[in-house]
Amino acid sequence: MGKGYWIVGLTVTDPERYAEYSGRVRPFLAERGARFLTRGGRYEGVEGDAPSRHVVVEFPTYEQALDAYHSDAYQTLIGLRTAASHGTFVIVEGFEG
């Protein structure tokens, strides 16, 4: 069973509100055995329109990544994130080849 990944590209429009989301999502993810692989570090947009913030979160399994997103706990956090930013959010299964 492959690992699962949240891949998120955001443009933050309200840094204070986004900081509240960030402060609440970190312990939520840690409780689920997830870890950040990238979290707003340096980047170079080499093709297309790149958002200003890039986040990749690794979960032990794809199912855990889906379950975390669809959990009641995370559903309450989505409003904070979307009020403070806009962008894309996908959940992807890792490749084991």
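Let's start close to the beginning of the chain, with glycine 2, which sits in the segment before strand E1. Keep in mind as you look around that this is a predicted model. Glycine 2 is buried, because its relative accessible area is just 4%, and the cut-off for buried is under 20%. What does glycine 2 touch, leaving aside its neighbours within four places in sequence? The list is Pro60, Thr61, Tyr62, Glu93, Gly94 and Glu96. Phenylalanine 95 is worth finding too: it is 93 residues away from glycine 2 in sequence, yet the two C-alpha atoms are 6.4 Å apart in space.

One of those contacts, threonine 61, gives us the view from the other side. Threonine 61 is in the loop between E3 and H2, and at 16% relative accessibility it counts as buried. Setting aside residues up to four places away in sequence, threonine 61 touches Met1, Gly2, Lys3 and Gly4.

Lysine 3 takes us on to the charged side chains. As a general point, side chains of opposite charge can pair when their charged atoms come close. Lysine 3 does this with glutamate 58, in a salt bridge with an N to O distance of 3.7 Å. The two partners come from distant parts of the chain: lysine 3 is in the segment before E1 (4-12), while glutamate 58 is in strand E3 (residues 53-59), 55 residues apart. How exposed is each of them? Lysine 3 is partly exposed, with a relative accessible area of 39%, whereas glutamate 58 is buried, at 10%.

Glutamate 58 has another partner as well. Its side chain also forms a salt bridge with arginine 35, this time at 2.9 Å from N to O. Arginine 35 lies in strand E2 (residues 35-39) and glutamate 58 in E3, so this pair ties together parts that are 23 residues apart in sequence. Arginine 35 is partly exposed, at 48% relative accessibility. Put the pairs together and you have Lys3, Arg35 and Glu58 linked in a network of salt bridges.

The model has four salt bridges in total. Among them is the pairing of glutamate 31 with arginine 32, at 3.5 Å from N to O. Here glutamate 31 is exposed, at 66% relative accessibility, and arginine 32 is partly exposed, with a relative accessible area of 27%.

Now for the helices. Helix H2 (residues 62-70) and helix H3 (residues 72-84) pack at an angle of about 65°, and their axes are 5 Å apart. The two helices are therefore roughly perpendicular to each other, since that label covers angles of 65 to 115 degrees. Which residues make the contact? From H2 they are Ala68, Tyr69 and His70, and from H3 they are Asp72, Tyr74, Gln75, Ile78 and Arg81. Sorted by class, the contact has four nonpolar, two polar and two charged residues.

Tyr74 also leads us inside. In soluble globular proteins, nonpolar side chains tend to be buried together. In this model the largest nonpolar core has 19 residues, and the members that touch the most others are Trp6, Phe28, Leu29, Phe59 and Tyr74. Where does this core draw its residues from? E1, helix H1 (15-31), E3, H2 and H3 each supply at least two.

How values were computed:
Residues numbered from 1 in each chain as written. Predicted model: local features only at pLDDT ≥ 70, side-chain atom pairs only at ≥ 80, totals over all residues. Heavy atoms only, no water. Helix = DSSP H or I, 4+ residues; strand = E, 2+ residues; numbered from the N terminus. Buried < 20%, exposed > 50% of the residue type's maximum accessible area, 1.4 Å probe, protein only. Axes fitted to C-alpha atoms, helices over the stretch in contact; angles between N-to-C directions. Parallel < 35°, antiparallel > 145°, perpendicular 65-115°, else oblique. Contact = heavy atoms within 4.5 Å. Nonpolar A, V, L, I, M, F, W, Y, C, P; charged D, E, K, R; others polar. Core = buried A, V, L, I, M, F, W, Y, C linked by side-chain atoms within 4.5 Å.
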